[in-house]
Amino acid sequence: MASVKSLAKDTAVYGLSSIIGRFLNWLLVPLYTNMFIQSEYGVVTYVYTIVAVALIILTYGMETGFFRFANHERYTDPMEVYSTAMTSIAVSSAAFFILVLLFLSPVSVAMECAAHPEYTLIMAATVALDAFTSLPFSYLRYKRRPYRFAALKLTGIALNIGFNLFFILICPWLWEEAPGIIAWFYDPTFGIGYIFLANFISSAVTFLLLIPDFAGFRWKWNTALWREMLAYSFPLLVLGIAGVMNQTLGQILLPWILPDKADAMAQLGIYGANYKIAIVMVMFIQAFRFAYEPFIFAQNKSEGADSNRAFCDAMKYFVIFAMVIFLGVMYYLDFLRYFISPAYFSGLKVVPVLMLAEFFFGVFFNLSLWYKLTDKTIWGTWFSLIGLAVTLIINIILVPRIGYMGCAWAALACYATMMLLSYIIGKKKYPIPYDIKSIVTYFLTALLLWGVASALTVQSQWVNIPLRTLLLVIFFIFVLKREHLTVTQLIPVKKIIAKK
């Protein structure tokens, strides 16, 4: 149980930076949706969709590979592993930026930025920087330094938000009141490009702040190690591409499937804005993932057979917290929706579907430990490719009929399929005695309570909110009673604060 508490502590710290950071970025959504029309925000959504794919390609599974070989019995020098991985990422990131620069015009057309190729160039530089800095951030996780990790992440996010507000709010006001002050650098026709520019500045500063974490040690290059890392990580690259395509394929295909390009970009803008509400589940999964990967490799190395108990507990508590988050968002959606402009409210129906889809992905990520610990990462590739096929087929069938809702249902079907396949095959390849009864009980209870709240919804929020809050408390008490826990055991806040 102590090891799970350690995981909980790290998840809480990583989660603090992730949740606060995402929440602060979330606050930019009303700015974007009020300052830019749906089709313009659709371009922003599309660009960041492509960026997500590019980042997976440029990190090519090296983060997980680093954790694996830094804990490998045949490689006793973690710094050699770190240095080899860093060199590899640095070369590939630089090559990526040069290629985009050489083929800027056709790449800009593909990115829906033909009129503004500078958008593409800015984001290419940002992606190259973010790919390179992924290894120093992984090193901080390996060294169990969540507070520095969180501080750097939050600094970058604060800069991003600050420059967004400066370029999108302050500069237009100055342009009207005193244009001479900013005329030397500000162009009002640059529009959504300032979103990308703010991102680049924050990534560049984060890179500078990370210099101490990729300097100060003897750089080594081990070709044999690098080849082993690539062999281990390549299936994870395919897994990562398939995984992010499962998340984004609908958004990539939507402008190409729908005949009216303007309507397609508007729908993409609506879908992207409402996805920001469902991002709460993504934040939790990301925080959990940051702590979980180093945790499972360390557990497998140090505790042997006893680690199974820790893995089972981690899965169960993941489901518990995920369901609390799901109910919280759905119960208070009437308030959370105001994070986007009313012009985008028509897309609120995607929120529960996307949250459940992300939950299934989180369970799949928990289950993925069996093929990572046995070095059989090819299974993850097969699962993701099957999920990708499901995503593609459902998008092609549903998007022409129901628009962006087809993207949401495709994501749900994809992750449910991947989760079930990983569980079924994992039982044979690396059996872990998960508490399936409890997991299913908590999941179905949460869905039942959501259904009760929906059935009892009335016109008055003075009735709805107290009722929903009561139902959320009932779920929480049900968990505590069933697990024979107290609040302080479930959320060890005092210990986290004392440690800090």
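**Figure 1. Phe 137 is a buried ring, with a relative accessibility of 6%.** This is a predicted model, and Phe 137 is a good place to start looking around. Its partner here is Phe 149, which also counts as buried, at 1% relative accessibility. Across the whole structure there are 29 aromatic pairs. In the one shown here, the ring centres of Phe 137 and Phe 149 sit 5.3 Å apart with the planes at 75°, and since an angle over 60 degrees counts as edge-to-face, that's the label this pair gets. Phe 137 belongs to helix H7 (residues 117–142) and Phe 149 to helix H8 (residues 146–177), so the two rings tie together parts that are 12 residues apart in sequence. Phe 137 has another neighbour too: Lys 153 lies over the face of its ring, 4.2 Å from the ring centre.

**Figure 2. Phe 364 meets Phe 383 edge-to-face.** Here the rings are 6.3 Å apart, centre to centre, and there's an angle of 85° between their planes. Phe 364 and Phe 383 are both buried. Helix H15 carries Phe 364, while Phe 383 comes from helix H17 (residues 378–402), so this pair ties together parts 19 residues apart in sequence.

**Figure 3. A cluster of rings, linked up pair by pair.** Its members include Tyr 48, Tyr 119 and a run of Phe residues: Phe 163, Phe 166 and Phe 167. Keep going and you'll meet Trp 175, Trp 184, Phe 185 and Tyr 186. Phe 190, Tyr 194 and Phe 196 belong to the cluster as well.

**Figure 4. Lys 316 holds its charged end over a ring.** The ring in question is that of Tyr 317, and the charged end of Lys 316 sits 5.8 Å from its centre.

**Figure 5. The second largest pocket has a wholly nonpolar lining.** There's about 260 Å³ of space in this pocket. Around it are 14 residues, and the ones nearest the centre are Val 363, Met 419, Ile 436, Ile 439 and Val 440. Sort the lining by type and you get 14 nonpolar residues, with no polar and no charged ones. Four helices supply at least two lining residues each: H13 (307–331), H15 (350–367), H18 (404–429) and H19 (436–455).

**Figure 6. The second largest cavity has a more mixed lining, with 7 nonpolar, 2 polar and 1 charged residues.** The structure holds 5 cavities of 30 Å³ or more, and the one in this view has a volume of about 80 Å³. Leu 367, Leu 369 and Trp 370 are among the residues that line it, and so are Ser 422, Tyr 423, Gly 426 and Lys 427. Tyr 430, Ile 432 and Tyr 434 are part of the lining too. Helix H16 (369–373) and helix H18 are the elements that give two or more residues to this lining. H18 gives the most, with 4 residues.

**Figure 7. Stepping back, the protein is built with 22 helices and 0 strands.** Of the 500 residues in the protein, 54% are buried. Now take the contacts between residues at least 6 apart in sequence: 84% of them join residues at least 24 apart.

Conventions
Residues are numbered from 1 along each chain as its sequence is written. This is a predicted model: local features need pLDDT of at least 70, side-chain atom pairs count only at pLDDT 80 or more; totals for chains, interfaces and linings use all residues. Side-chain values use heavy atoms; hydrogens and water are left out. On a 1 Å grid over the protein atoms alone, a cavity is a set of points where a 1.4 Å probe fits but cannot get out, and a pocket is an open set with protein on both sides within 12 Å along at least five of seven lines; lining residues have an atom within 4 Å of a point. Grid points are joined across faces, edges and corners, and a volume is the space filled by probe spheres set on the points. Ala, Val, Leu, Ile, Met, Phe, Trp, Tyr, Cys and Pro count as nonpolar, Asp, Glu, Lys and Arg as charged, and the others, Gly among them, as polar. Rings of Phe, Tyr and Trp (its six-membered ring) pair if their centres lie within 6.5 Å; planes under 30 degrees apart count as stacked, over 60 as edge-to-face and the rest as tilted. Buried means under 20% relative accessible area, exposed over 50%, partly exposed in between (1.4 Å probe, protein chains only). A charge sits over a ring if NZ of Lys or CZ of Arg is within 6 Å of the ring centre and within 35 degrees of the ring normal. Contact means heavy atoms within 4.5 Å.
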